[in-house]
Amino acid sequence: MTRFSFELHATDGRARTGKITMQRGEIRTPAFMPVGTAATVKAMKPESVRAIGADIILGNTYHLMLRPGAERMARLGGLHNFMKWDRPILTDSGGYQVMSLSDLRKLTEKGVEFRSHIDGSKHMLTPERSMEIQRLLGSDIVMCFDECPRADRPREEIAASMELSMRWAKRSRDGFDSGEEHAARSALFGIQQGALDEGLRKVSAEKLIDIGFDGYAVGGLAVGEGQEAMFGVLDYAPEQLPKDKPRYLMGVGKPDDLVGAVERGIDMFDCVLPTRSGRNGQAFTWNGPINIRNAKFAEDLSPLDETSDCSASRDYSKAYLHHLHKSHEILGAMLVTEHNLAFYQALMQKMRDAIGAGQFAEFAADFRRNYLRK
């Protein structure tokens, strides 16, 4: 049975559509991965996540190592059995927390010593330990351990951080390969760093390619630099990576971010935005995002999307969703979350179809005209 393969089905400009094949199933690209940080896509049942079209979800190494714990997860049969998701799971490495938890951590060549945000207990996360945790979780796509510096740091700091991440990438590769049984059925992705600097990105890509990975992520974006700067990096960064491997843009993003990134050659995405927004009453639509809590929806009997295959999008009025959110009813968060994730999956399908038909430029222009018209 295939461990990991990636095939391109069509290209249109730099936009690509294809398929990743793994033992737990196929992943259609471009792909959006709902985020299941703590062994759950918030407000969603696993079968509902699959029903709206998701081929793969993301789990969070940092949070799962703290609770319930990687060793306990292994004793319980692994992450897939634990949460009843039998499709592929990509796990991040914990590297993002190296940046986001800067007040709680100490960074050295060895790795990152940090205190748990839950109980203050002390932990050491290294490339080798990250690989071990992801193995214990049973991850299908493992991410190498890296540091993600802020893009506004001085160039010399970003360069030093990138070089450290590349040394950690080699240690991740060695640690991953040492778990032979897991390595025989899973994949390892490297992460390009270098912030907004084209030269540093090129060096990072070359070092990663020399190590060799199943796929490559563009890291260090969507951390406050803004869409224009992000697209500026994506104008060159994906082309620095192998064309025959999937390219994953980490932590992105808004619907128009996804369209612009696919336009520039990205194949995979993840982001908490559709679920977080759903819990807070923001719904994504083809005519732009709306806040369902606004008074203008109090007597609006139209659904969020009458053409959708998703019941949450099609069968409930905006007035009802408005009432649920104003009343702080749990069902409101559930329905708008499901709608948002269905919208994201529909957007990915429309992009796959447009690329296959050689009409991506027309689709992108039409999408932006409607989505950004406000």
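Trainee: Which way do the residues of strand β12 point, and are they buried or exposed?
Mentor: In this predicted model, G215 and A217 point one way from strand β12, residues 215–218, while Y216 and V218 point the other way, and all of them are buried. A residue is called buried when its relative accessible area is under 20%, and the residues on each of the two sides of β12 meet that condition.

Trainee: What makes β11 and β12 a pair, and in which sense do they pair?
Mentor: Two strands pair if at least two bridges are found between them, and β11, residues 187–192, has 4 bridges to β12, in the parallel sense. One of the places to look in the structure is I191, whose bridge partner in β12 is A217. Between these strands the chain passes through helix α9, residues 198–211, and this β-α-β crossover from β11 to β12 is right-handed.

Trainee: How many bridges join β12 to β13?
Mentor: There are 3 bridges between β12 and β13, residues 247–249, and the two strands run parallel; set against the requirement of at least two, that count of 3 makes them a pair. A217 appears here as well, with Y248 as its bridge partner in β13. The path from β12 to β13 leads through helix α10, residues 227–234, and this β-α-β crossover is also right-handed.

Trainee: Why are the buried residues of α10 said to be on the same side of α10?
Mentor: The buried residues of α10 are M230, F231, V233 and L234. They cover an arc of only 155° around the axis, and therefore they lie on the same side of α10. The elements they pack against are α9, β12, β13 and α11, which spans 255–263.

Trainee: Which strands belong to the open sheet, and in what order do they stand?
Mentor: The sheet has 8 strands in the order β4-β14-β13-β12-β11-β10-β6-β5, with parallel pairing.
Trainee: What makes β4 and β5 edge strands?
Mentor: β4 (31–34) and β5 (57–60) each pair on one side only, and they are the edge strands. On average, neighbouring strands of this sheet are turned by 25° against each other, direction ignored.

Trainee: How many bridges join β6 to β10?
Mentor: Strand β6, residues 89–92, and strand β10, residues 141–143, run parallel and are joined by 2 bridges, and since at least two are required, this count of 2 is enough for a pair. Across from L90 you will find I141 in β10. Helix α6 lies across β6, β10 and β11, and runs at about 160° to β10.

Trainee: Why does S130 count as buried?
Mentor: S130, which lies in helix α6, residues 127–137, has a relative accessibility of 0%, and therefore counts as buried, the limit being under 20%. Apart from residues up to four places away in sequence, S130 touches S93, L125, M143 and F145.

Trainee: Why is β2 described as largely enclosed by the rest of the structure?
Mentor: In strand β2, residues 15–22, 8 of the 8 residues are buried, so the strand is largely enclosed. Both faces are covered, with A15, T17, K19 and T21 buried on one side and R16, G18, I20 and M22 buried on the other.

Trainee: Which sense of pairing joins β1 and β2, and over how many bridges?
Mentor: β1, residues 4–12, and β2 pair over 8 bridges in the antiparallel sense, and M22 in β2 is the bridge partner of F4. Their hairpin has 2 residues between the strands, and G13 takes a positive phi near 65° there. With strand β3, residues 25–29, β2 shares 5 bridges, again antiparallel, and these two strands form a hairpin with 2 residues between them.

Trainee: What are the classes of the residues in the contact of α15 with α16?
Mentor: Helix α15, residues 330–356, and helix α16, residues 360–371, pack at an angle of about 145° with their axes 8 Å apart. The contact is made by L347, K350, M351, A354 and I355 of α15 together with F360, F363 and F367 of α16. By class there are 7 nonpolar residues, no polar ones and 1 charged.

Definitions and conventions:
Residues are numbered from 1 along each chain as its sequence is written. This is a predicted model: local features need pLDDT of at least 70, side-chain atom pairs count only at pLDDT 80 or more; totals for chains, interfaces and linings use all residues. Side-chain values use heavy atoms; hydrogens and water are left out. Buried means under 20% relative accessible area, exposed over 50%, partly exposed in between (1.4 Å probe, protein chains only). A crossover is right-handed if, with the strands pointing away from the viewer, the path from the first strand over the helix to the second runs clockwise. The arc is that of the directions from the helix axis to the C-beta atoms. Contact means heavy atoms within 4.5 Å. Axes are lines fitted to C-alpha atoms, for helices over the stretch in contact, and angles run from 0 to 180 degrees between N-to-C directions. Ala, Val, Leu, Ile, Met, Phe, Trp, Tyr, Cys and Pro count as nonpolar, Asp, Glu, Lys and Arg as charged, and the others, Gly among them, as polar.
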